[in-house]
Amino acid sequence: MLMKAVILVAGKNYKSSGFPFIKPKPKTLYSYCGKIQLKRVIDTLLDSGLSEKDIKIVGGWENNKILFFLNSENYNCEFVVNENYLGSAAYTLEKAVEGIDEDMLLICGDEYINTKLIKKIIKPSTCLLYTSPSPRDGL
């Protein structure tokens, strides 16, 4: 399969900054329903047929925590850092596509994805734009 998956996890988590009893960390490192979000995304990609070498993660804010997590879970995915994470998301995207010549699946690390959806997307000659439902949509 000639496809790379890029997981964007560079943004700053502003949601927990107003709670003094919570030490802020990337949203993708919070546990939801008993599983850390980034682990859920990576495992879904692996279950969909991609390998760890096909996955690239772009970190930024608190990237050391993301890297620590990846190492503690023994993931061997490519990890790059966007030092300019407070700037435009376009720069994070630029870091994401560096060195990728294959088709690419771009995923925000805090989005819910599932194996069935990813298998549909990575099927040859499929073009699909998917955005997860927002809590604001009442779903």
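A residue counts as buried when its relative accessible area is under 20%, as exposed when that area is over 50%, and as partly exposed in between. Keep this in mind as we walk through the structure above, which is a predicted model. Take the lysine K27 as a trial case: its relative accessible area is 29%, so K27 is partly exposed. Across the chain, which has 139 residues, 40% count as buried. The accessible surface comes to about 8600 Å², and carbon and sulfur atoms hold 54% of it.

Let's begin with the overall layout. You can find four helices and six strands in the chain. Reading from the N terminus, the elements follow the order β-β-β-α-β-α-β-α-β-α. Parts that are distant in sequence often meet: among the contacts with a separation of 6 or more, 66% are between residues 24 or more positions apart.

Now look for the sheet. In general, the strands of a sheet pair through backbone hydrogen bonds, and the pairing can be parallel or antiparallel. Here four strands form an open sheet in the order β5-β4-β1-β6, and their pairing is parallel. Its edges are β5 (78-81) and β6 (103-108), each of which pairs on one side only. On average, and ignoring direction, neighbouring strands of this sheet are turned by 20 degrees against each other. Zoom in on β1 (residues 3-9) and β4 (residues 55-59): these two run parallel and are joined by five bridges. If you want one spot to check, A5 stands opposite I55 in β4.

Which strands does helix α2 touch? Helix α2 (residues 63-72) packs on the sheet and touches β1, β4 and β5. The direction of α2 makes about 170 degrees with that of β5. Helix α4 (residues 115-122) lies across β1 and β6, and runs at about 150 degrees to β6.

Helix α1 deserves a visit of its own. Eight of its eleven residues are buried, so α1 is largely enclosed by the rest of the structure. The buried residues of α1 are Q37, L38, R40, V41, I42, D43, T44 and L45. Just after this helix, G49 has a positive phi of about 110 degrees.

What fills the interior? The largest nonpolar core has 25 residues, and those touching the most other members are I7, I42, L45, I57, L70 and I118. Several elements contribute: β1, α1, β4, α2, β6 and α4 each supply at least two residues of this core. Follow I42 as an example. Leaving aside residues up to four places away in sequence, I42 touches I7, I55, I57, L70, Y75 and C77. There is also a second, separate core of six residues, which includes V6, L8, V58 and I100.

Let's finish with the charged side chains. In general, side chains of opposite charge can pair when their charged atoms come close. How many salt bridges does this model have? The count comes to seven. One of them brings us back to K27, whose side chain meets that of D110 at 2.8 Å, N to O. D110 sits in the loop between β6 and α4, while K27 sits in the loop between β1 and β2 (31-32), so this pair ties together parts that are 83 residues apart in sequence. Like K27, which is partly exposed, D110 counts as partly exposed, with 37% relative accessibility.

A second salt bridge joins D43 and K39, with the closest N and O atoms 3.3 Å apart. Both residues belong to helix α1 (residues 37-47), where they are four residues apart, or about one turn of the helix. Is D43 buried or exposed? At 15% relative accessibility, D43 counts as buried, whereas K39, at 23%, counts as partly exposed.

A third salt bridge links K65 with E62, and here the closest N and O atoms are 3.6 Å apart. K65 counts as partly exposed at 24% relative accessibility, and E62 is partly exposed as well, at 25%. Salt bridges can also share partners: K35, K39, D43 and E73 are joined into one network in this way.

Key:
Residues are numbered from 1 along each chain as its sequence is written. This is a predicted model: local features need pLDDT of at least 70, side-chain atom pairs count only at pLDDT 80 or more; totals for chains, interfaces and linings use all residues. Side-chain values use heavy atoms; hydrogens and water are left out. Two strands pair if DSSP finds at least two bridges between them. Axes are lines fitted to C-alpha atoms, for helices over the stretch in contact, and angles run from 0 to 180 degrees between N-to-C directions. Contact means heavy atoms within 4.5 Å. A salt bridge is a side-chain nitrogen of Lys or Arg within 4 Å of a carboxyl oxygen of Asp or Glu. Buried means under 20% relative accessible area, exposed over 50%, partly exposed in between (1.4 Å probe, protein chains only). A nonpolar core is a set of buried Ala, Val, Leu, Ile, Met, Phe, Trp, Tyr and Cys residues joined through side-chain atoms within 4.5 Å. Accessible areas come from the Shrake-Rupley method with a 1.4 Å probe; for residues, only the protein chains shown count as cover.
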